[in-house]
Amino acid sequence: MRPKNIVILTGAGISAESGIQTFRDKGGLWEKYRLEDVATPQAFRKNPAFVLDFYNKRKKDLLKVEPNAAHFALARLEKEYPGKVLLVTQNVDDLHERAGSKNLIHMHGELLKVRCEHCGAIFREEGDIFVDNPCASCGKSGGLRPHVVWFGETPLFLEKIYSALNECDLFVAIGTSGTVYPAAGFVVVARKAGAYCVELNLEPSAMADYFHEHHYGPATKIVPTFVEKLLQTKISFDTEKSP
């Protein structure tokens, strides 16, 4: 039976082939930086200039890369699929948008946006941000920070995400490690709700046992293939016969 509601979760693995550096893989960002120094509210309060410099560099790197075949395949699925497709990403890059995805939730924020801690305003900013930059909304300086979810902060739009997980009949996780919560637990929620769960990854994630079906390999290869089969209704989903 063709699914009516699809929820797709994407992680760092889908953007890695575009040249976006991952955090946990060998050679990743956490081998060069201590997350406590650049990805916590405490770090920003202690040394805002250092934290802002880290994200300024990441923005420059992001603006040099382009979406890959996996991003474009998901945008195509959203456009052509007769049912509902919701894309939830853990990534803070804008490659899904640039590929054409529109029904999209950034649960960990967006790198090309900043937020003012004085007034709460959120706006797009592709250029560098420094400590003394005034907020475009309230005019105060010293409060601009990356609009990203740091360790110790609550991911965004969780109520909307959990509602979608409880209503979906197909859940797909792409390029995720299965170690970062609450996203790692989404498969458990979807499966309990009766959804068929598929993992598309370079290798088995920490949550691989919770999925009914697995496909391993580069995202640029396995995601377009899976999307093509979905669009051609060549995939049969039967949770009763799955492990």
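Two strands count as paired here if DSSP finds at least two bridges between them. With that in hand, let's walk through this predicted model, starting with a single bridge: Thr 10 has Ile 174 of strand 7 as its bridge partner.

## The sheet and its order

The bridge at Thr 10 belongs to an open sheet of six strands, which pair in the parallel sense and follow the order 3-2-1-7-8-9. Strand 3 (104-106) and strand 9 (213-216) are at the edges, and each has a single partner strand, so one side of each has no neighbour in the sheet. From one strand to the next, the twist averages 15 degrees.

Helix 7 (residues 158-167) lies across four of these strands, namely strand 1, strand 2, strand 3 and strand 7, and it runs at about 130 degrees to strand 1.

## Strand 1 and Thr 10

Strand 1 (residues 5-10) is joined to strand 7 by five bridges in the parallel sense. With strand 2 (residues 84-89), strand 1 pairs over six bridges, again parallel. In that pairing, Leu 9 has Val 88 of strand 2 as its bridge partner.

Thr 10 is part of strand 1, and its relative accessibility of 0% makes it buried. What is Thr 10 in contact with, once its neighbours within four places in sequence are left aside? Its contacts include Leu 87, Val 88 and Thr 89, together with Gln 90 and Asn 91. Leu 74, His 96, Ile 174 and Thr 176 are also in contact with Thr 10.

## Strand 7, covered on both faces

Strand 7 (residues 170-174) is mostly covered, with five of its five residues buried. In a regular strand, side chains alternate between the two faces of the sheet. Here, Leu 170, Val 172 and Ile 174 point one way, while Phe 171 and Ala 173 point the other way, and all of them are buried.

Strand 7 also pairs with strand 8 (residues 196-201), in the parallel sense and over five bridges. In this pairing, Phe 171 stands opposite Cys 197 of strand 8. Together with helix 8 (residues 186-192), strand 7 and strand 8 make a right-handed β-α-β unit. The loop between strand 7 and helix 8 holds Pro 182, and the peptide bond that joins Tyr 181 to Pro 182 is cis, with omega at about 10 degrees.

## Aromatic pairs

How many aromatic pairs does the count come to? There are five of them. One is formed by Phe 54 and Tyr 55, which meet edge-to-face with 4.9 Å centre to centre and 90 degrees between the planes. Phe 54 counts as buried at 3% relative accessibility, and Tyr 55 counts as buried at 6%.

Phe 171 and Phe 211 give another pair: their ring centres are 6.3 Å apart and their planes lie at 20 degrees, under the 30 degrees used as the cut-off, so the pair is stacked. Phe 171 is in strand 7 and Phe 211 is in the loop between strand 8 and strand 9, so this pair ties together parts that are 40 residues apart in sequence. Phe 171 is buried, at 1% relative accessible area, and Phe 211 counts as buried at 3% relative accessibility.

## The cluster around Phe 44

Ring pairs also link Phe 44, Phe 54, Tyr 55 and Trp 150 into a cluster. Phe 44 is found in helix 3 (residues 41-46) and counts as buried, its relative accessibility being 6%. Leaving aside neighbours within four places in sequence, Phe 44 is in contact with Val 51, Leu 52, Glu 117, Leu 144, Arg 145 and Trp 150.

Two of those contacts meet again in another way: the charged end of Arg 145 sits over the ring of Trp 150, 3.7 Å from its centre. Phe 44 and Phe 151 are 107 residues apart along the chain, and their C-alpha atoms are separated by 12 Å.

## A backbone detail at Phe 157

Phe 157 lies in the loop between strand 6 (144-148) and helix 7. Although Phe 157 is not a glycine, its phi is positive, at about 60 degrees. Is Phe 157 buried or partly exposed? With a relative accessible area of 49%, Phe 157 is partly exposed, since the exposed class begins over 50%.

How values were computed:
Residues numbered from 1 in each chain as written. Predicted model: local features only at pLDDT ≥ 70, side-chain atom pairs only at ≥ 80, totals over all residues. Heavy atoms only, no water. Buried < 20%, exposed > 50% of the residue type's maximum accessible area, 1.4 Å probe, protein only. Helix = DSSP H or I, 4+ residues; strand = E, 2+ residues; numbered from the N terminus. Right-handed = clockwise from strand over helix to strand, strands pointing away. Axes fitted to C-alpha atoms, helices over the stretch in contact; angles between N-to-C directions. Contact = heavy atoms within 4.5 Å. Phe/Tyr/Trp six-rings, centres within 6.5 Å; stacked < 30°, edge-to-face > 60°. Lys NZ or Arg CZ within 6 Å of the ring centre and 35° of its normal.
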